[in-house]
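The following exercises ask the reader to work through helix packing, burial and backbone geometry in a single protein chain. Each task sentence is followed by a solution in steps.

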Amino acid sequence: MEIAALLTSAGINISICIVLLSLYSVLRKQPANYCVYFGRRLVCGGARRYDPFWYERFVPSPSWLVKTWETSEDELLTAAGLDAVVFLRMVIFSIRIFFITAVVCIAFVLPVNYYGQPRMHKEIHLESSEVFTIENLKEGSKWLWVHCLALYIITSAACLLLYFEYRTIAKMRLGHITSSAPKPSQFTVLIRAIPWHPEQSYSDTLSKYFTNYYSSSYLSHQMVYHNGIIQRLLHDAERVCLSLKHVSPEISCKPSLTPCNFCGGPTATNSFHILSNEGDSVKGMELGELTVTTTEQERPAAFVFFKTRYDALVVSEVLQSSNPMLWVSDLAPEPHDVYWRNLNIPYRQLWIRRIVTLVGAVAFMFVFLIPVTFIQGLTQLEQLSHAFPFLRGILKKKFINQVITGYLPSVILILFFYAVPPLMMYFSALEGCISRSIRKNSACIKILYFTIWNVFFVNILSGSVIRQLNVFSSVRDIPAQLARAVPTQAGFFTTYCFTSGWASLACEIMQPMALIWNLAAKSISTNKDESYETLRFPYHTEIPRLLLFGLLGFTNSVIAPLILPFLLIYFFLAYLIYKNQILNVYITKYESGGKYWPIFHNTTIFSLILTQIIALGFFGLKLSTVASGFTIPLILLTLLFSEYCRNRFAPIFHKHPAQVLIDMDRADEMTGKMEELHKKLHSVYSQIPLHLQKSSSNGESSTPFSNQELPDPEKLKPEEGDAIAKELWGFQGNESGQEHDTKSCPSASSPEHLTPKMIELHKLN
């Protein structure tokens, strides 16, 4: 690829970024767009709507950059949780390591590559990108020791930074576990695969088992029930209420007429009445008419509560039965994190589901070879012009040639990739994950594998096939084949950094879909009370993207270092934009407690080792025995460092230390908090928050445990807490499994609409 094609792609994407960022700095100041760009702050009461008119409202300004930069890590931890801090530390690590890499490689490696062979150089924009790669060195060159030394510097710096980051984040995770707010999950164990006895219910079986074997520590339990009729009706009523709110200014018990925006005529806005008493609400339905009993609606799963954190930890770690498929125990996720739908899945089906999802993911990866191969054909226009002679006339135009080779392939690949995250989330849900954070973590790993395979390896392999290079004939040839293929794809990887990196960040901060939806809702509806969605940060898509660019940076560092300045710009933009979005747009209702960091660490180690293997292949191709000999010990040292970190830090992210939990139990017992915690445990893990009805009537807090993510709505003023209270109630009753919640009016699932007979019906269903 020519440098002119790279500059064309860079110019297009720079223009897109400047336009979108300028538009964002203006649109964010408009009160009509507050629900798009300040959703989190509106929900948490940190923003107020006002509509003053001043000139600066319509002028682009960088004030949001200053506010984002000045926000400290402690403020971010308080506002968004540990996962957000860990993600931004990933970005900071990338900035640090690639700043070091760029300084070393641009200052020393790039000049060696450019002057590697005696030749007449053209102007920079007329040069081929291969001139700046290691391919330009002649065989047996003595300058290859520069590449070997740069590889040692990069690896040493990366391992040193990884060690300090791993140690810091491990301490932060321990602090997350020992935080002052009690977590109900620390006292709770999720038991699945409860054995069935025809003479007693699952609840009786579980109570008998834990009373017999854990009599000193067992407290109580809460069964998981099948999603019943009443629960589905409550959820459907909430969705209907939300839909009506977009077409009517107010939902009330009385019908009203409002003018239509299109024809101007009166339009009825309410098609149903809220029934005023329980006799009307369940008219014609008696308990005796229900043929399903409570025993039949119990699922073989339950939340079991214990007196101390240590007791719950012991039960979750030990094997409960001689049959590992029965009495399966795990520490329960936080109440907001429970994925209720998957708790109905029989445990014996999970291994089959995992196999099916693995086969489906692999099959989709092979199907994706078709568009990737097509995209690689666009970068090899000389071969295509021979195969399709009718394209020669079009390709002779210089600008069209540059756009097709430099911009179009990466754009097409990004468009195809939009189908990947939803499918991988579906696969992760199909596996039977018990919590939303585990589902998102699983989807993150799947998308990471898919992205690295299709963007890096498949592009290299397909490009090699198009150029009629030999495919890997043996394991010994893999380093050499990778060494031949990676420099030829350096131009494509650089343009991919422009489109998937720079332009995607600009689209992320603009939120185009939310902006269009907000505009359409205001145009069609006369509703002045704004409804807005509170999204969760898409870690499962952004972490794989971050790691992919890290892989591209490491593998091209000593081979084609021209990509490094562009990657560094991406990481700086990512830090500012992601931090702004986390503070203003995305809300935290559940998190993994920093469990994304081991994924980042392991993938970075993989990228380093892959870089060393590719460099080893190039040193062999260039007949440099000394450089090859020094690279092999570097690979072994990197593997040893990875093994040390796996044994020193990784267990903290998979298990809770008993020493820490025992100290917390003793502290609560000394302060007298333990009995109060025991009383509140049972009501936390309800599939529908029925306990809210009782607490709302006497003015007590509706949340048994302190919530770190959102403020307690009962402790706020009515005008401040109304939106948050509705958001919390809507979320706790949500069984849709979606990754967003919508601020809406109180619906049938709100506590005040649950009559005694409906509560009894829910228990039966």
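Helix axes are lines fitted to C-alpha atoms over the stretch in contact, and the angle between two axes runs from 0 to 180 degrees between N-to-C directions. The model to which this is applied is a predicted one.

**Exercise 1. Determine how helix α26 and helix α27 are oriented and which classes of residue form their contact.**

Step 1. Helix α26 spans residues 596–621 and helix α27 spans residues 625–648; their axes cross at roughly 170° and come within 9 Å.

Step 2. Angles over 145 degrees count as roughly antiparallel. The crossing angle therefore makes α26 roughly antiparallel to α27.

Step 3. On the α26 side, the contact is made by H601, I605, L608, I609, Q612, I613, L616, F619 and G620. The α27 side contributes A627, S628, T631, I632, L634, I635, T638, L639, F641, S642 and C645.

Step 4. Sorted by class, this contact of α26 with α27 holds 13 nonpolar and seven polar residues, and no charged ones.

**Exercise 2. Carry out the analysis for helix α6 and helix α24, and state the handedness of their crossing.**

Step 1. Helix α6 (residues 82–114) packs with helix α24 (residues 539–557) at an angle of about 15°, and the axes are 11 Å apart.

Step 2. Angles under 35 degrees count as roughly parallel. Accordingly, α6 is roughly parallel to α24.

Step 3. The crossing of α6 and α24 is left-handed.

Step 4. Among the α6 residues in the contact are F87, M90, V91, I97 and F98, and among those of α24 are I543, L546, F549 and F554. By class, the contact of α6 with α24 comprises twelve nonpolar, five polar and two charged residues.

**Exercise 3. Identify the buried residues of helix α29, establish where they lie around the axis, and name elements that cover them.**

Step 1. Within helix α29 (residues 674–681), the buried residues are M674, L677 and L681.

Step 2. These buried residues span an arc of only 60° around the axis, and so they lie on the same side of α29. An α-helix has 3.6 residues a turn, so residues three or four places apart point the same way.

Step 3. Exposed residues E675 and K679 are carried by the face of α29 turned away from its buried side.

Step 4. The cover over the buried residues of α29 includes strands β1 (188–192), β2 (218–225) and β5 (298–306), together with helix α28 (658–671).

**Exercise 4. For W327 and Q511, state what is notable about phi, where each residue is located, and whether each is buried or exposed.**

Step 1. W327 has a phi near 55°, a positive value in a residue other than glycine. For Q511, also not a glycine, phi is positive and near 50°.

Step 2. The loop between α12 (309–317) and β6 (328–331) holds W327, while Q511 belongs to the loop between α22 and α23 (512–524).

Step 3. The cut-off for a buried residue is under 20% relative accessible area. W327, at 8%, is therefore buried. Q511 also counts as buried, because its relative accessibility is 10%.

**Exercise 5. Classify S504, I352 and R348 by accessibility, and give one spatial relationship for each.**

Step 1. S504 lies in helix α22 (residues 490–510). With a relative accessible area of 16%, S504 is buried. Apart from neighbours within four places in sequence, S504 is in contact with T499 and R545.

Step 2. I352 is located in helix α13 (residues 350–367). Its relative accessibility of 42% means that I352 counts as partly exposed. Although I352 and E431 are 79 residues apart in sequence, their C-alpha atoms are 8.6 Å apart in space.

Step 3. R348 is found in the loop between β6 and α13. R348 is exposed, having a relative accessible area of 61%. The C-alpha atoms of R348 and L326 are 9.0 Å apart, with their positions 22 residues apart along the chain.

**Exercise 6. Describe the protein chain as a whole: how many helices and strands are there, and what share of residues counts as buried?**

Step 1. The secondary structure comes to 32 helices and eight strands.

Step 2. Of the 765 residues of the protein chain, 54% count as buried.

How values were computed:
Residues are numbered from 1 along each chain as its sequence is written. This is a predicted model: local features need pLDDT of at least 70, side-chain atom pairs count only at pLDDT 80 or more; totals for chains, interfaces and linings use all residues. Side-chain values use heavy atoms; hydrogens and water are left out. Buried means under 20% relative accessible area, exposed over 50%, partly exposed in between (1.4 Å probe, protein chains only). Helices (H or I, at least four residues) and strands (E, at least two) are DSSP runs, numbered from the N terminus. The arc is that of the directions from the helix axis to the C-beta atoms. Contact means heavy atoms within 4.5 Å. Angles under 35 degrees count as roughly parallel, over 145 as roughly antiparallel, 65 to 115 as roughly perpendicular and the rest as oblique. A crossing is left-handed if the near helix is turned anticlockwise from the far one by less than a right angle, and right-handed if clockwise. Ala, Val, Leu, Ile, Met, Phe, Trp, Tyr, Cys and Pro count as nonpolar, Asp, Glu, Lys and Arg as charged, and the others, Gly among them, as polar.
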